[in-house]
Amino acid sequence: MNHLPKYLSYSALNTYEECPRAWYLGRLKRAEPKQTWFFPVGTTVHTALEAHMAGEEFSIKEIFYGLVREQLKIDSDDVNWLAGGSKDDPSIRGKALAQAEACVENGIKFLEDMDVHHVEYEILVKFPGCEVPVKMFIDVLGEHKKYGPLIVDWKTGKTKPKSPLQLEVYRAGTLLSDLPQYDTGWWAMVNPLTTAKTARSRKIDLSSVDPAALGARFQRAYEDMKAKKYKAVHEPFKCTWCIQAPNCNVESLGSERAKFYDKSSEDGFPF
């Protein structure tokens, strides 16, 4: 097993910093993750909005149920899938589809005030001080009538990310790719259940982003990856929502599935 990635990304860095074991299971062992309802919702929204910006016809239902059918091949009992919402009324099946439809509607409304320059803009670039390149796919680069040039990332959850790291990485990527004008990020909170409180400060100032500092951060994680450090960071609430929990010998100790996937004590250093 080649344990070194050819490139890094925001998601790889974020996953490794939060829990090296989850990174190990997902990126190296390719362990089948726990299925969720929020993944097909998010993917549907991204796919539909990309089609809208390209002027292509699309069916939200066809996109959504196509993704659900693929997940059913992995876990045929969809009540096992992770889902948002309350325990008594989770966002599954028709409710999840309705959420995707409402998110797409809100996204299209947001785009009415955007002059879109790039969609799913791919960047593969070397950050200063990091020995491997960093890859990113930026949802939207464009200019908003009110807010000016923006780096936009669609968010279908009810709350905005706690850290601006994703947008900071994207900003550094544009700087290193000679696209320096995008110094503002925007969490596009399209979930209809988003409130003023949960979506507060959706505008992120990226003017002070330092690519060298981010490069050093990527390199620190990469050094630990090279050293095969696969520590499990056990936090009960986060572990409950971790898609690698069924494959982890800490969260699912003794299960056949965890025994099969989690070879961290043989492959590296699990502590």
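Begin by selecting Tyr-261, in what is a predicted model. This residue counts as buried, because its relative accessibility is 17%, under the 20% that sets the limit for that class. Add Phe-260, which counts as exposed at 59% relative accessibility. The rings of Phe-260 and Tyr-261 form an edge-to-face aromatic pair, with 5.0 Å from centre to centre and 80° between the planes.

Next, widen the view to the aromatic residues in general. The structure holds 13 aromatic pairs. For another of them, select Tyr-16 and Trp-23: the ring centres lie 5.4 Å apart and the planes meet at 85°, so this pair is edge-to-face. Tyr-16 is buried, with a relative accessibility of 5%. Trp-23 is buried as well, at a relative accessible area of 2%. Now add Tyr-24 and Tyr-230 to the selection; together with Tyr-16 and Trp-23 they make up one aromatic cluster.

A ring with a charge over it comes next. Select Tyr-7 and Lys-135: the charged end of Lys-135 sits over the Tyr-7 ring, at 4.6 Å from the ring centre.

Then turn to helix α5, residues 93–111. This helix has 19 residues, and the distance from its first C-alpha to its last is 27 Å, close to the expected 27 Å at 1.5 Å a residue. Which residues of α5 are buried? They are Ala-96, Leu-97, Gln-99, Ala-100, Ala-102, Cys-103, Val-104, Gly-107, Phe-110 and Leu-111. To see what surrounds them, display two helices, α3 (38–53) and α4 (60–74), against which the buried residues of α5 pack. The same buried residues also pack against the strands β2 (114–125), β3 (134–144), β4 (148–155) and β5 (184–189).

Finally, select the cysteines. How many disulfides does the structure hold? The count is zero. Cys-19 and Cys-242 illustrate the point. The cysteine sulfur closest to that of Cys-19 belongs to Cys-242 and is 6.2 Å away, too far for a bond, because a disulfide requires the two sulfur atoms to be within 2.5 Å. Seen from the other side, Cys-242 is in no disulfide, and its nearest cysteine sulfur is that of Cys-19. Colouring by accessibility separates the two residues into classes: Cys-19 is buried, with a relative accessible area of 14%, whereas Cys-242 is partly exposed, at 23%.

Technical notes
Residues numbered from 1 in each chain as written. Predicted model: local features only at pLDDT ≥ 70, side-chain atom pairs only at ≥ 80, totals over all residues. Heavy atoms only, no water. Phe/Tyr/Trp six-rings, centres within 6.5 Å; stacked < 30°, edge-to-face > 60°. Buried < 20%, exposed > 50% of the residue type's maximum accessible area, 1.4 Å probe, protein only. Lys NZ or Arg CZ within 6 Å of the ring centre and 35° of its normal. Helix = DSSP H or I, 4+ residues; strand = E, 2+ residues; numbered from the N terminus. Expected span 1.5 Å × (residues − 1). Contact = heavy atoms within 4.5 Å.
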